Amino acid sequence: MRTSSGFTLIELLVALLIIGIVVTAATLSIGNNDAELEESARRLQAVLDLAADEAVLQSRDLGFSVTAEGYRFLVRGDEGWRTVNGDPLLRERFLPEELRLELTVEGLPVAPSVDEEEQPTPQVLLFSSGERTPFEATLRPARTPSPAWRVTGEPVGRISLEPVR
C-alpha cells in the first residue's frame, strides 16, 4: 500500500482561490476608503466655496464650524450666530466614523466645537465682502495619518483642495 505525503492539485487550487478572494476583498476595501475620503474632501471644498459665494450674493456673514461628527454652517442674525436651517446645501453634514476632520485657523489648530444650542460660535468667518478667515481643513482616515486631503482658504479668492502625502 502506497501513502501520499503531498497535496493534490484540487487542494492547491482551492487554497489559491481562497487566497485570491481574501486579497481582492482587502484591495477593494482599501480602495473604497480612499475614494470615500476623496469624495468627502471634494464635497467639503465645494460646499465651502458655495458658502463663500452665498455670503457675498446674499450680503450676509456666514460662519463655518467643525464638530466632532462633521461640520456645520452658521449665519449671523440680530441675536447673534445661529445654525443654518432649511438650506439643503448649507445643512449640517456628518462624516463617516472612519474619517476625521482637523481644522487650523491662521496657523493654529482648533478643537472641534461642542454642541452649543443657545449661542454657537463659528471657527471660520465668511464675510459678505468676500473676505474670510484663513484656514486649513484636513480630512484624513481616523486610524492612519495618510493619505489625507487639505482644503485651504486664503483671505480672498477661491478655496483650494490638494492631496497630502
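Visitor: Over how many bridges do E1 and strand E7 pair?

Guide: This is a predicted model, and in it E1 and strand E7 (residues 124-126) run antiparallel to each other. One of the facing positions is Gly63, which stands opposite Leu125 in E7. The count of bridges between E1 and E7 is 3.

Visitor: Which strand pairs with E1 over 5 bridges?

Guide: The pairing is again described as antiparallel, and a hairpin of 3 residues makes the connection from E1. Within this pairing, Val66 stands opposite Tyr71, and Ser65 has Arg72 as its bridge partner. The strand is E2, residues 70-77.

Visitor: How many residues of E1 are buried?

Guide: Take the two faces in turn: Leu62, Phe64 and Val66 are buried on one side, and Gly63 and Ser65 are buried on the other. Both faces are therefore covered, and E1 is largely enclosed by the rest of the structure. The count is 5 of the 5 residues.

Visitor: How many residues of E2 are buried?

Guide: A residue is called buried when its relative accessible area is under 20%. E2 is mostly covered by that criterion, and Tyr71 is one of the buried residues. For E2 the figure is 6 of its 8 residues.

Visitor: Which strand does a hairpin of 2 residues join to E2?

Guide: Look for an antiparallel partner joined to E2 by 4 bridges. In that partner, Thr83 is the residue opposite Leu74. The hairpin leads to E3, residues 80-83.

Visitor: Which residue of E4 does Tyr71 stand opposite?

Guide: E2 and strand E4 (residues 93-94) run antiparallel, joined by 2 bridges. Tyr71 has a place in this pairing too, and the residue opposite is Arg93.

Visitor: What is the angle between the ring planes of Phe64 and Tyr71?

Guide: The structure holds 4 aromatic pairs. Phe64 and Tyr71 form a tilted one, with 5.7 Å from centre to centre. Both residues are buried. The angle between their planes is 50°.

Visitor: How many residues apart are Phe64 and Phe135?

Guide: Phe64 and Phe135 also form a tilted aromatic pair, at 6.5 Å centre to centre and 35° between the planes. Phe64 is buried, as is Phe135. Phe64 sits in strand E1 (residues 62-66) and Phe135 in strand E8 (residues 135-141), so to speak a link between distant parts of the chain: they are 71 residues apart.

Visitor: Which residues do ring pairs link into a cluster?

Guide: Two members are known from the tilted pair of Phe64 and Tyr71, and Phe135 pairs with Phe64. Adding Phe73, the cluster consists of Phe64, Tyr71, Phe73 and Phe135.

Visitor: What is the strand order in the open sheet of 5 strands?

Guide: The pairing in this sheet is antiparallel, and the twist averages 25° from one strand to the next. E6 and strand E10 (159-164) are the edges, each pairing on one side only. E5 and E6 pair over 3 bridges, with Thr104 and Pro109 as bridge partners. The order is E6-E5-E8-E9-E10.

Visitor: Is Glu106, with its positive phi, buried or exposed?

Guide: Phi of Glu106 is near 50°, a positive value in a residue other than glycine. Glu106 lies in the loop between strand E5 (99-105) and strand E6 (108-110). Exposed means over 50% relative accessible area; because Glu106 has 59%, Glu106 is exposed.

Visitor: Where is Ser59, which has a positive phi although it is not a glycine?

Guide: Phi of Ser59 is about 50°. Ser59 is exposed, with a relative accessible area of 59%. Its place is the loop between H1 and E1.

Visitor: What accessible area does the nonpolar surface patch have?

Guide: The patch is formed by Leu9, Leu13, Leu16, Ile19 and Val23. Val23 belongs to helix H1 (residues 9-57) and counts as partly exposed at 48% relative accessibility. Together the patch residues have about 520 Å².

Visitor: How far apart in space are Leu17 and Arg100?

Guide: Leu17 is found in helix H1 and counts as exposed, at 53% relative accessibility. In sequence, Leu17 and Arg100 are 83 residues apart. From C-alpha to C-alpha, the separation in space is 36 Å.

How values were computed:
Residues numbered from 1 in each chain as written. Predicted model: local features only at pLDDT ≥ 70, side-chain atom pairs only at ≥ 80, totals over all residues. Heavy atoms only, no water. Patch = residues over 30% accessible without salt bridge, like charges linked within 9 Å, V, L, I, M, F, W, Y side chains within 5 Å. Areas by Shrake-Rupley, 256 points an atom, 1.4 Å probe, with all protein chains shown as cover. Salt bridge = Lys/Arg side-chain N within 4 Å of Asp/Glu carboxyl O. Buried < 20%, exposed > 50% of the residue type's maximum accessible area, 1.4 Å probe, protein only. Phe/Tyr/Trp six-rings, centres within 6.5 Å; stacked < 30°, edge-to-face > 60°. Pairing = 2+ DSSP bridges. Axes fitted to C-alpha atoms, helices over the stretch in contact; angles between N-to-C directions.
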